[in-house]
Amino acid sequence: MTYALRNASPAKTRAEAVVVGVVQGAKNPELAPGAEDVTAAFGRRLRPLLATLGVTGKPGEVTRVPVGDELSTSLLVLVGLGKETTPAAVRRAAGAAARAVPNATSVALALPADSADTVAAVVEGHVLGGYSFTAYKKSSDDASAPATVTVLSPIARRAETQEAFERAQVVAAAVATVRDWVNTPPADLTPPVFAETVVAAVRAAKKSAQGLKVTVHDEASLAELGCGGILGVGSGSAAPPRLVELVYSPPEPVAHVALVGKGITFDSGGYTIKPGNGMQTMKSDMAGAATVIQATLVIARLCLPVKVSAFAPMAENMVSGSAVRPGDVLRIYGGTTVEITNTDAEGRLVLADALVRAAEVAPDAIVDVATLTGAMVLALGDKITGVLGTEATVGEILDAAASAGEEMWPMPIPEPIVERVRSSKVADLAQHDWIRWGSGLFAAAFLQEFTAGLPWAHLDIAGPSWHGGGASGHLTPGGTGAGLPTLVEYARVLGAKM
Ligand code: BES
Ligand code: MN
Ligand code: ZN
């Protein structure tokens, strides 16, 4: 599939299908900005036609209209935008459009695209709404995907628009790769395979990006370093753990960010085992690691002047005679000891090693991304990421999320919970204390112990990393790639600061 950006009339384009938006007007549905020529071509016949078809313009609504002489195309696709033409509404509509014409070889998208942000939203929505995970299917629909997609925009000639158009393609492709990795069955993405997959992705990225370097610590190297969290969590699995460290060094960095991502390739809960349905989606427990690795590769491909040190601890949380038990004490990289009381709170243990490694490179800020707690899903629902940490960094992440069109919300780390983390009777820290309330905050308070007081934000993506329903807008079933657009936007803003 190739994307082109053009300033052209949707009424005159020869694409096999032309997609336009419909907004819910005050009284009647109306074609959205970008479709003016289509509205003019139909003239007074448009309103009764929309009424007959039952078009309302509500979000996600798709109506296909075969057309005669009115337009140069023979198929007009109407997608609902709702009441507004925000980038989020446009992204959603573009996603629905991607699934509406699976067999067209050329499609023109005439959705609202009069700003760089909406052009990016059209591209992201279309790429991601058309995503499907077919690696394990006998047949795939990929062959029938449209070959060329033309994004129509009145500001197609502007450098800023073209830059947003190119960037959106790079970001969306990376999000799709995160989805692939998350959707891969856990037996086929064990920590060693995941690490190898990352190394291969870095090798491929080096063809179009410079300054990348990747290191994989295997179990022997982890033992030498003293990464007791990663080794402890991984000890129950037949597949040994890994720690992948990826660095992007631009020639003249204006900032240095450390990214840390949870990479549990499967979370059974360990001896504190999960109930069956709680385990169902736990192949997705490595989404944080996938996100920080792919975000780093995007930042490198965009040549942003921000140094990135990414840390992806990978382990499989399983049950066996060699697995850790409640009551065991682990020694985190750097020496802090942790008493395990719940083997299902494994994410914070692998992140602890990685956070100490991250703090050692003395970054300006640390951002970690993790499918950390069910409590955060309970608090914010499955579509909103909880953001905790130091005030300024949390604020910067929330701003970046708003620009990138991702929903995030701040959560506190209350002092009494910090004290509970420090209240183990046998070790330096308690991993968990069986007080159910606010366990997403406890997890963040635990992580903070390993951040060396540096500016830091923790993104709990337990909900948004996985889409449980059918395809909707730019979301498709399974992995979502949530968080990646925000990390890239965060680095872009940092890079533009000086
Ligand atoms: N990977 C889970 C968190 C999770 C839950 C992610 C649901 C996605 C959807 C994590 O390792 C976990 O098990 N957390 C426990 C923590 C508890 C034991 C303090 C949880 O949330 O129940
Ligand atoms: Mn767990
Ligand atoms: Zn987990």
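The following exchange concerns the metal site and ligand 1 in a predicted model.

User: What makes the arrangement around the zinc ion (ligand 3) octahedral?

Analyst: Six donors count as octahedral if opposite donors are over 155 degrees apart and all others between 65 and 115. The 6 donor atoms here subtend angles of 79 to 171°, which makes the arrangement octahedral.

User: Why are K262, D267, D285 and E346 called donor residues of the zinc ion (ligand 3)?

Analyst: Donors are N, O and S atoms within 2.8 Å of the metal (3.2 Å for Na, K and Ca), and water is not among the atoms, so sites may look incomplete. K262 (NZ), D267 (OD), D285 (OD) and E346 (OE) coordinate the zinc ion at 2.0 to 2.4 Å. D267 also bridges to the manganese ion (ligand 2), which lies 3.2 Å from the zinc ion.

User: How do you know that ligand 1 makes a polar contact with the side chain of K274?

Analyst: A polar contact is a pair of N or O atoms within 3.5 Å; within protein, one must be able to donate a hydrogen and the other to accept it, and residues adjacent in sequence count only if both atoms are side-chain atoms. An oxygen atom of ligand 1 is 2.8 Å from an N or O atom in the K274 side chain. A nitrogen atom of ligand 1 is 2.9 Å from such an atom of D285, and an oxygen atom of ligand 1 is 2.8 Å from one of D344.

User: Which conventions apply?

Analyst: Residues are numbered from 1 along each chain as its sequence is written, and chains are lettered from A and ligands numbered from 1 in the order written. Local features need pLDDT of at least 70, side-chain atom pairs count only at pLDDT 80 or more, totals for chains, interfaces and linings use all residues, and side-chain values use heavy atoms, without hydrogens and water.

Note on methods
Tetrahedral: all angles 85-135°; square planar, octahedral: opposite > 155°, others 65-115°.
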